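Hello,

Here is the structure I promised to pass on to you. Please open it next to this email, so that you can find each place as you read.

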Amino acid sequence: MNNFKRSQEKSTLSNNVLTFIGSIGTFLIFALILFVVYLPQLADPADQAVIEKRQTDADSIRAAGAAKLEGYEVLNKEAAIVRIPIEEAKEFTLKAYQ
């Protein structure tokens with residue numbers, strides 16, 4: 001009976017160790033699959049020339065928008081439609097409502 005108990009303890013210990021190693025292995029395989037398949041891949045960094053061109057385009061668009069808001073322009077001479085600076089338009093609108 002004593003030998004049976006020792007062999008049972010030995011098999012229980014080896015089963016526990018194998019279960020622990022199998023659990024760690026399963027977790028590592030899952031982490032590897034997650035890393036390879038599901039995590040997003042980093043894109044290549046943009047070329048410096050492309051970044052500078054985008055910045056130049058954005059600056060020119062911003063300047064054109066500011067010029068429209070701050071400048072005078074005749075849009076339709078026959079209909080007497082003109083563009084005036086935004087600040088003056090605000091003042092005229094406030095005066096019209098008072």
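Below I go through what was found, from the overall layout down to single residues.

First, some ground rules. This is a predicted model, in which local features need pLDDT of at least 70 and side-chain atom pairs count only at pLDDT 80 or more, while totals for chains, interfaces and linings use all residues. Residues are numbered from 1 along each chain as its sequence is written, and side-chain values use heavy atoms, with hydrogens and water left out.

**Confidence**

The predictor's confidence in each residue is called pLDDT and runs from 0 to 100. For this chain the mean pLDDT is 83, and 83% of the residues reach 70 or more. Helix α1 has the lowest confidence, with a mean of 79, and α3 has the highest, at 91. Keep in mind that where pLDDT is low, the predicted coordinates should not be read in detail.

**Overall layout**

The chain has 3 helices and 2 strands. Following the sequence, you meet them in the pattern α-α-β-β-α. Both kinds of element are DSSP runs, numbered from the N terminus: helices are H or I with at least four residues, and strands are E with at least two.

How much of the chain counts as buried? Of its 98 residues, 2% do. Here buried means under 20% relative accessible area, exposed means over 50%, and partly exposed lies in between (1.4 Å probe, protein chains only). The accessible surface of the chain is about 9400 Å², and 65% of that belongs to carbon and sulfur atoms. Such areas come from the Shrake-Rupley method with a 1.4 Å probe, and for residues only the protein chains shown count as cover.

**The patch and helix α1**

There is a nonpolar surface patch of about 1100 Å², and its members include I29, F30, L32 and Y38. A patch is made of residues with over 30% relative accessible area and no salt bridge; like charges are joined within 9 Å, and nonpolar side chains (Val, Leu, Ile, Met, Phe, Trp, Tyr) within 5 Å. Y38 is found in helix α1, which covers residues 2–38. Y38 counts as exposed because its relative accessibility is 62%.

**Helix α2**

The whole structure holds 4 salt bridges. A salt bridge is a side-chain nitrogen of Lys or Arg within 4 Å of a carboxyl oxygen of Asp or Glu. One of them joins D57 to K53, with the closest N and O atoms 3.0 Å apart. Both residues lie in helix α2 (residues 48–70), 4 residues apart, which is about one turn of the helix. D57 is partly exposed at 35% relative accessibility, whereas K53 is exposed at 52%.

A66 also belongs to helix α2, and A66 is partly exposed at 29%. The C-alpha atoms of A66 and P85 are separated by 9.7 Å, with their positions 19 residues apart along the chain.

**The hairpin**

Strand β1 (residues 73–76) and strand β2 (residues 81–83) run antiparallel and are joined by 3 bridges. Two strands pair if DSSP finds at least two bridges between them. Within this pair, N76 stands opposite I81.

Which residue forms a salt bridge with E73? The partner is R83, and the closest N and O atoms are 2.6 Å apart. Since E73 lies in β1 and R83 in β2, the pair ties together parts that are 10 residues apart in sequence. Both ends are partly exposed: E73 at 40% and R83 at 24%.

The two strands form a hairpin with 4 residues between them. A80 sits in the loop between β1 and β2 and is exposed, with a relative accessible area of 61%. Take a look at its backbone: A80 has a positive phi of about 60 degrees although it is not a glycine. For comparison, most residues other than glycine have a negative phi.

**Helix α3**

E87 and K90 meet in a salt bridge through their side chains (3.6 Å, N to O). They both lie in helix α3 (residues 86–97), 3 residues apart, or about one turn of the helix. E87 is partly exposed at 48% relative accessibility, and K90 is partly exposed at 46%.

Enjoy exploring, and write back with any questions.

Best wishes
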